[in-house]
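Student: Could we go through how the helices in this protein pack together? I'd like to see the reasoning, not just the results.

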Amino acid sequence: MTDDLKQEFDGARIKHLHFKSKLRSFLYGSGTAEAPIRDPRQCSFGQWLTTYVLTRYGQLPVSRELDAAHTQIHLEANRLMDMAQRGQQDEAIAGMAEINRLADLITQLLRTLEDKIRTGR
């Protein structure tokens, strides 16, 4: 169980980093698909959150905090993507500071959730 849990959460952290990478690529003008960046339920982290965390541990307040932070990062990503599409690329790229703050919060919540599940508290 412990190794499986570690593997689940390590995979989630990778999915989370991949989201940031895709957003950054979009803001710098690559042809990255928009839907997984814009929609919190279409990104791989969001799918993991819905199918793994919320179905098994949705009763834990930290699970709901994680879901809310995940939704918030997508709202901010949408705002930055809209700016970039309006030609405000420099401003959008500067907005990555807020994405990084939210990403750090998500990472912290992931760590807290994993610890709670591991310890049963």
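Tutor: Sure, let's take some questions in turn, keeping in mind that this is a predicted model.

Student: How are helix 3 and helix 4 oriented to each other?

Tutor: Look at residues 44-57 for helix 3 and residues 61-85 for helix 4; they pack at an angle of about 160 degrees. Angles over 145 degrees count as roughly antiparallel. So helix 3 and helix 4 are roughly antiparallel.

Student: Which residues of helix 4 make the contact with helix 3?

Tutor: On the helix 3 side you'll find Phe45, Gly46, Leu49, Val53, Leu54 and Tyr57. Taking both sides of this contact, the residues divide into six nonpolar, three polar and one charged. The helix 4 side is made by Ser63, Leu66, Asp67 and His70.

Student: What about helix 4 and helix 6: within what distance do their axes come?

Tutor: Helix 4 passes helix 6 in a left-handed crossing. Their contact residues divide into 15 nonpolar, four polar and four charged. The axes cross at roughly 160 degrees and come within 9 Å.

Student: How many residues does the largest nonpolar core have?

Tutor: Those with the most contacts inside this core include Phe9, Trp48 and Leu110. Helix 1, helix 3, helix 4 and helix 6 each give two or more residues to the core. Its size is 34 residues.

Student: Leaving aside neighbours within four places in sequence, which residues does leucine 27 contact?

Tutor: Leu27 is one of the residues with the most contacts inside the largest nonpolar core. With those sequence neighbours left aside, leucine 27 is in contact with Leu80, Met81, Ala84, Gln89, Ala92, Ile93 and Met96.

Technical notes:
Residues numbered from 1 in each chain as written. Predicted model: local features only at pLDDT ≥ 70, side-chain atom pairs only at ≥ 80, totals over all residues. Heavy atoms only, no water. Axes fitted to C-alpha atoms, helices over the stretch in contact; angles between N-to-C directions. Helix = DSSP H or I, 4+ residues; strand = E, 2+ residues; numbered from the N terminus. Parallel < 35°, antiparallel > 145°, perpendicular 65-115°, else oblique. Contact = heavy atoms within 4.5 Å. Nonpolar A, V, L, I, M, F, W, Y, C, P; charged D, E, K, R; others polar. Core = buried A, V, L, I, M, F, W, Y, C linked by side-chain atoms within 4.5 Å. Buried < 20%, exposed > 50% of the residue type's maximum accessible area, 1.4 Å probe, protein only. Left-handed = near helix turned anticlockwise from the far one by under 90°.
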